[in-house]
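Student: Could you take me through one part of this model in close detail? I would like to look at the salt bridges and how they sit in the fold.

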Amino acid sequence: MADAREQQNDLVEQPASLCQNPHSLRDGGENRLQTAIGREVRFCRKRHGMTLAELADAASVSLGMMSKIENGHISPSLATLQALAQALAVPLSSLLRRFEQERTAVFVKAGTGVEVGRRGTRAGHQYNLLGYIGSNTGGIFVEPYLITLTKDTDTFPLFQHSGMELLYLLEGEVNYRHGTSVYRLLPGDSLFFDADAPHGPDALIKLPIRFLSVISYGVGGGED
């Protein structure tokens with residue numbers, strides 16, 4: 001059995017550089033509009049299964065300019081936007097959707113999360129969904145759960161689904177399996193993993209057990 005504390009270096013890899021600064025603010029309105037248009041153009045292009053070069057050719061735009069548009073480095077003219085919309089078979093206004101879209105937040109008071117049934121509920125697992133935003137600008141779906149285990153059982157369900165998952169143990173002690181490894185989790189320990197591998201509690205050491213489970217996946221993913 002792998003001990004999470006002894007394998008800390010295996011669990012946490014320090015990236016050479018982060019993709020974004022979570023404490024930074026976006027630039028002015030013009031740059032936000034450029035970024036929003038670029039993201040929507042990329043989303044529509046991928047939805048149509050087109051390459052960057054194919055879209056550039058269909059819209060009579062140079063490949064270099066096409067790359068700058070998708071990366072939010074240039075403000076396309078109205079004529080270019082119209083050409084892109086026609087090539088993507090979408091209304092021109094849809095390319096501005098991400099800039100105009102209202103951003104939402106979900107606030108959940110303590111003890112008011114929605115209790116949902118998932119595999120494992122019969123084994124004494126209680127799932128409380130802490131929030132869900134179905135439509136968002138990133139195309140990434142996130143399901144945050146507060147999970148409580150209060151019943152010891154000899155049968156533990158294994159889960160396997162697309163996306164990534166983060167576990168953070170709040171209370172109790174549990175041996176948690178991921179693939180062929182088992183990790184001993186104590187309060188304050190976390191486990192971040194590819195959820196496509198079979199995973200789930202292997203042994204309940206100290207009850208009750210409470211932990212946060214945050215699952216993220218792209219369009220078309222979710223629990224299998």
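**Salt bridges in the fold**

Tutor: Happy to! Reading from the N terminus, the elements of the protein chain run α-α-α-α-α-α-β-β-β-β-β-β-β, which gives six helices and seven strands. Please keep in mind that this is a predicted model. The protein chain has 224 residues, and 34% of them are buried. Among contacts between residues at least 6 apart in sequence, 67% join residues at least 24 apart.

Now to the salt bridges, of which the count is five. Let's begin among the helices. Glu70 pairs with Arg45, and their closest N and O atoms are 2.5 Å apart. Glu70 belongs to helix H4 (residues 63-70) and Arg45 to helix H2 (residues 29-47), so this salt bridge ties together parts that are 25 residues apart in sequence. Is each partner buried or exposed? Glu70 has a relative accessibility of 5% and counts as buried because the cut-off for that class is under 20%. Arg45, at 10%, is buried too. The pair is also part of a wider arrangement: Arg42, Arg45 and Glu70 are linked in a network of salt bridges.

Moving on to the strands, Arg210 and Glu171 meet through their side chains at 3.0 Å, N to O. Arg210 sits in strand S7 and Glu171 in strand S4 (residues 164-178), so the bridge connects parts that are 39 residues apart in sequence. Here both ends are partly exposed, with Arg210 at 30% relative accessibility and Glu171 at 31%.

Strand S4 supplies another acidic partner, Glu173, which forms a salt bridge with Arg184; the closest N and O atoms are again 3.0 Å apart. Since Glu173 lies in strand S4 and Arg184 in strand S5 (residues 181-185), the pair ties together parts that are 11 residues apart in sequence. The two ends fall into separate classes: Glu173 is buried at 17%, while Arg184 is partly exposed at 24%.

For a companion view of the strands, try the rings. There are four aromatic pairs by count. One of them, Phe141 with Tyr217, is stacked, at 5.9 Å centre to centre and 25° between the planes. Phe141 is in strand S3 (residues 140-149) and Tyr217 in strand S7 (residues 199-218), so the pair links parts that are 76 residues apart in sequence. Both Phe141 and Tyr217 are buried. Ring pairs also join Tyr176, Phe193 and Phe211 into a cluster.

Note on methods
Residues are numbered from 1 along each chain as its sequence is written. This is a predicted model: local features need pLDDT of at least 70, side-chain atom pairs count only at pLDDT 80 or more; totals for chains, interfaces and linings use all residues. Side-chain values use heavy atoms; hydrogens and water are left out. Helices (H or I, at least four residues) and strands (E, at least two) are DSSP runs, numbered from the N terminus. Buried means under 20% relative accessible area, exposed over 50%, partly exposed in between (1.4 Å probe, protein chains only). Contact means heavy atoms within 4.5 Å. Rings of Phe, Tyr and Trp (its six-membered ring) pair if their centres lie within 6.5 Å; planes under 30 degrees apart count as stacked, over 60 as edge-to-face and the rest as tilted. A salt bridge is a side-chain nitrogen of Lys or Arg within 4 Å of a carboxyl oxygen of Asp or Glu.
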